[in-house]
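Dear colleague,

I am handing over the structure we spoke about, and below it you will find my notes on what turned up when I went through it. Please keep the structure open while you read, so that you can follow each point for yourself.

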Amino acid sequence: MDRKLTSVNANGRNYGVPARPVVVVCVDGCEPDYITQAIQAGVAPYMKRMLESGTSLVGDCVVPSFTNPNNLSIVTGAPPAVHGICGNYFLDPATGKEVMMNDVAYLRSGTILAALSGAGLKVAVITAKDKLRSLLGHGMADICFSAEKADKATLADGGIADVPALVGKPVPSVYSADLSEFVFAAGVKLLETTRPDVMYLSTTDYVQHKCAPGTVGANDFYAMMDGYLAQLDALGAVIALTADHGMSPKTDAAGNPRIVFLQQALDALAGAGESRVILPITDPYVVHHGALGSFATIYLKEPSSTSTIMAALRALDGVEVVMTREEAAQRFELPPDRIGDVVVISDHLTVLGTRATEHDLSGLTVPLRSHGGLSEQKVPLLFNRRLQGLPEARRWRNFDIFDLALNHACVTTA
Ligand SMILES: [Zn+2]
């Protein structure tokens, strides 16, 4: 590395070159209350120390409060209007087909990770689910692998081989807390061995979809995480923790899911085939949420019907916000060419579906918890250092985490 280099630029922001390892952790679905409750229960002594001797802020994630848009915002330091990833899933206007947004072809900007790697820093990315691997690792020459396919990583494709042997754990099931534990365990091993300058660890929200803050299942997960964070700290890392989105119960008091089936409602209102509802939460791993989230976008065949349809949607119980494409693109900094004519957001306790017949809820063994809306926008920003030189109080975003970690938690090399 060029030792004279003091900062790199990505998407118009400068990031300082750290003098010691920096670990940025994205805890999937980490509603701030999970941390509060784990600390209150006495199972997260390290995070308690972070609150006391480090810095704790609350920030806003990107809406739709889904995994892919937020992970990409975090690693680019920019909103979806810049990087282009506005859902896990979308209607590709070029083909008219509904597709996953996992392909790097959809990425419209570089990442901070690629900029750091390009400047000669040693960078490592570990993600729980494989769906994020190519997007997060785009343009980066260093280590990038998923826990889900840890055994498939090679030196040529991932910059590392024999990961399960290094970590001393088998490849975990994709539906398990172990998948996230593997990410932390691998992070600790990497810091002990190759000692990357910057690491990005991204977990999965399997536990948060099932367990409310303060429950045994949630506290066990945060206790596990707490132990690994303490190890990273003991190895000398600057730690910065945030979340891709929060998580809310989406049920009535009896635990039954509250669902607005938008395609059914629109078909009744305007006729079959007049509209197409897209649920950007959709991904290959739907067992724990049935593809039900709090954000939907709608394509209309007849644009002149937009205001009538919007008024009808606003009257539905559980619907919080209905916006035009332009309003949503402006308010949430989304790429307008990748969202429908109308955007719908449901409330704290409600999710949006297409038709009852299209959602398999048989995998939901506990009351539905999900995200996607404004009610899941608040996320923690937690550091094991006192941040220096912060500007006046402002609205923090989860995608400020690299700025805060590299420019305000670290002393840069001279
Ligand atoms: Zn997520």
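Is Asp244 buried or exposed? Asp244 has a relative accessibility of 0%, and because buried means under 20% relative accessible area, this residue counts as buried. Please bear in mind from the start that the model is a predicted one.

The zinc site

Asp244 is one of the protein donors of the zinc ion, and the full set consists of Asp28 through OD, Thr67 through OG1, Asp244 through OD and His245 through NE2, at distances of 2.0 to 2.2 Å from the ion. If you look for these residues along the sequence, you will find them spaced as D-x38-T-x176-D-H. His245 also counts as buried, because its relative accessibility is 0%. What makes the arrangement around the zinc ion irregular? The angles that the 4 donor atoms subtend run from 91 to 139°, and the arrangement is irregular because four donors count as tetrahedral only if all angles lie between 85 and 135 degrees, a range that 139° does not fit.

Leu72 and Ser202

Leu72 belongs to helix 3, which covers residues 67-76, and with a relative accessibility of 0% it counts as buried. Leaving out residues up to four places away in sequence, Leu72 touches His83, Ile85, Leu107, Leu132, Leu135 and Leu136. Leu72 and Tyr46 are 26 residues apart along the chain, and their C-alpha atoms are separated by 28 Å.

Ser202 is located in strand 9, made up of residues 198-202, and it is buried, because its relative accessible area is 1%. With the residues up to four places away in sequence again left out, Ser202 touches Cys26, Asn71, Ile126, Thr127, Ala128, Leu132 and Val183. You may notice that Leu132 is among the contacts of Leu72 and also among those of Ser202. From Ser202 to Asp33 there are 169 residues in sequence, and from C-alpha to C-alpha the two are 19 Å apart in space.

Thr324 and helix 14

Thr324 is part of strand 15, which spans residues 319-324, and it touches Met310 and Asp341 when residues up to four places away in sequence are not counted. How far apart are the C-alpha atoms of Thr324 and Thr297? They are separated by 9.6 Å, while the two residues are 27 places apart along the chain.

Helix 14, which holds residues 401-408, is mostly covered, since 7 of its 8 residues are buried. The buried residues in this helix are Ile401, Phe402, Asp403, Leu404, Ala405, Leu406 and His408.

Backbone details

The peptide bond that leads from Val63 to Pro64 is cis, with an omega near 10°, and Pro64 sits in the loop between strand 4 (55-60) and helix 3. Two other residues deserve a look for their phi angles. Asn11, in the loop between strand 1 (7-10) and strand 2 (13-16), has a phi near 50°, which is a positive value in a residue other than glycine. Glu333, in the loop between helix 13 (325-332) and strand 16 (342-346), is likewise not a glycine and has a positive phi of about 55°. Asn11 is partly exposed, its relative accessible area being 31%, and Glu333 is partly exposed as well, with a relative accessible area of 33%.

Pockets

It may help to recall that rolling a probe the size of a water molecule over the atoms shows where empty space is left. The largest pocket holds about 220 Å³ of space, and of the 15 residues that line it, Glu98, Leu279, Thr282, Thr354 and Glu358 lie nearest its centre. Sorted by class, its lining comprises 5 nonpolar, 5 polar and 5 charged residues.

In the second largest pocket there is about 170 Å³ of space, and it is lined by 13 residues, of which Met140, Asp142, Cys144, Asp157 and Gly158 lie nearest the centre. Which classes make up the lining of the second largest pocket? Its residues divide into 5 nonpolar, 5 polar and 3 charged.

With best wishes

Notes: Residues numbered from 1 in each chain as written. Predicted model: local features only at pLDDT ≥ 70, side-chain atom pairs only at ≥ 80, totals over all residues. Heavy atoms only, no water. Helix = DSSP H or I, 4+ residues; strand = E, 2+ residues; numbered from the N terminus. Contact = heavy atoms within 4.5 Å. Donors = N, O, S within 2.8 Å, 3.2 Å for Na, K, Ca; no water. Tetrahedral: all angles 85-135°; square planar, octahedral: opposite > 155°, others 65-115°. Buried < 20%, exposed > 50% of the residue type's maximum accessible area, 1.4 Å probe, protein only. 1 Å grid on protein atoms, 1.4 Å probe; cavity = no way out; pocket = protein on both sides within 12 Å on 5 of 7 lines; lining within 4 Å. Points joined across faces, edges and corners; volume = space filled by probe spheres on them. Nonpolar A, V, L, I, M, F, W, Y, C, P; charged D, E, K, R; others polar.
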